[in-house]
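Trainee: May I go through a structure with you before I return to the bench?
Mentor: Certainly; please bring it up.

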Amino acid sequence: MPDETALSVSQHITQVGLFLVAAIAVFGGSLQMYLGQPDTSPRLDNVHRFMAGVYLSTGLICLWAALTIRQQGFLVYLLALGVLLAGVGRLVSISKVGLPKPTSVWLGYLIPELVLPFVIAGAHCAST
């Protein structure tokens, strides 16, 4: 029987964070799956589209976790960690090859990837 009690504020925060990640990952993964890696070798395009599929599927997992937030435990922390590691990957890229142009767009990707995982994990921890 489904739980009819209202979600707590921390569950709503966790849910909104997961919905945000889901929207970004589903849209971004779908777009990158379609676009591929232009002007490159078949090997790099293959890896790019593979990772786009991982990105897209992670978005679907985040959507499911947000919709079923009452039943979620450790999965939320793993999803938050995945977002954080994606941001760390971006930081490594920036340190190795520089910040792409336009800088504001790439920083607009990076900052939420480094902040949102802590918001999601903190809110989830507060709700358990």
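Mentor: What follows is a short discussion of the fold, two of the helices and one loop residue.

Trainee: What kind of model is this, and how are residues numbered?
Mentor: The model is predicted: local features need pLDDT of at least 70, side-chain atom pairs count only at pLDDT 80 or more, and totals for chains, interfaces and linings use all residues. Residues are numbered from 1 along each chain as its sequence is written, and side-chain values use heavy atoms, with hydrogens and water left out.

Trainee: How many helices and strands does the protein chain have?
Mentor: The protein chain has 4 helices and 0 strands, in the order α-α-α-α along the sequence. Helices (H or I, at least four residues) and strands (E, at least two) are DSSP runs numbered from the N terminus.

Trainee: What box do the C-alpha atoms fill?
Mentor: Along the principal axes, the box is roughly 55 × 25 × 20 Å.

Trainee: What share of the residues is buried?
Mentor: Of 128 residues, 27% count as buried. Buried means under 20% relative accessible area, exposed over 50%, and partly exposed in between (1.4 Å probe, protein chains only).

Trainee: Turning to H1, how far does it reach?
Mentor: H1 covers residues 9–35, and its 27 residues reach 39 Å from first C-alpha to last, close to the 39 Å expected at 1.5 Å a residue. The expected span is 1.5 Å times one less than the number of residues.

Trainee: Which residues of H1 are buried, and what covers them?
Mentor: Among the buried ones are Gln11, Thr14, Leu18, Val21 and Ala25. Their cover includes H2 (42–67), H3 (74–97) and H4 (103–127). Just after H1, glycine 36 takes a positive phi of about 70°.

Trainee: Does H3 deserve a look too, and which of its residues are buried?
Mentor: In H3, the buried residues are Val76, Leu79, Ala80, Val83 and Gly87. An α-helix has 3.6 residues a turn, so residues three or four places apart point the same way. The cover over the buried residues of H3 includes H1, H2 and H4. Glycine 98, just after H3, has a positive phi of about 100°.

Trainee: Now the loop between H2 and H3: is threonine 68 buried or exposed?
Mentor: Threonine 68 lies in that loop and counts as buried because its relative accessibility is 18%. A polar atom of its side chain lies 2.7 Å from the backbone oxygen of tryptophan 64.

Methods:
Contact = heavy atoms within 4.5 Å. Polar contact = N/O pair within 3.5 Å; in protein donor to acceptor, adjacent residues only side chain to side chain.
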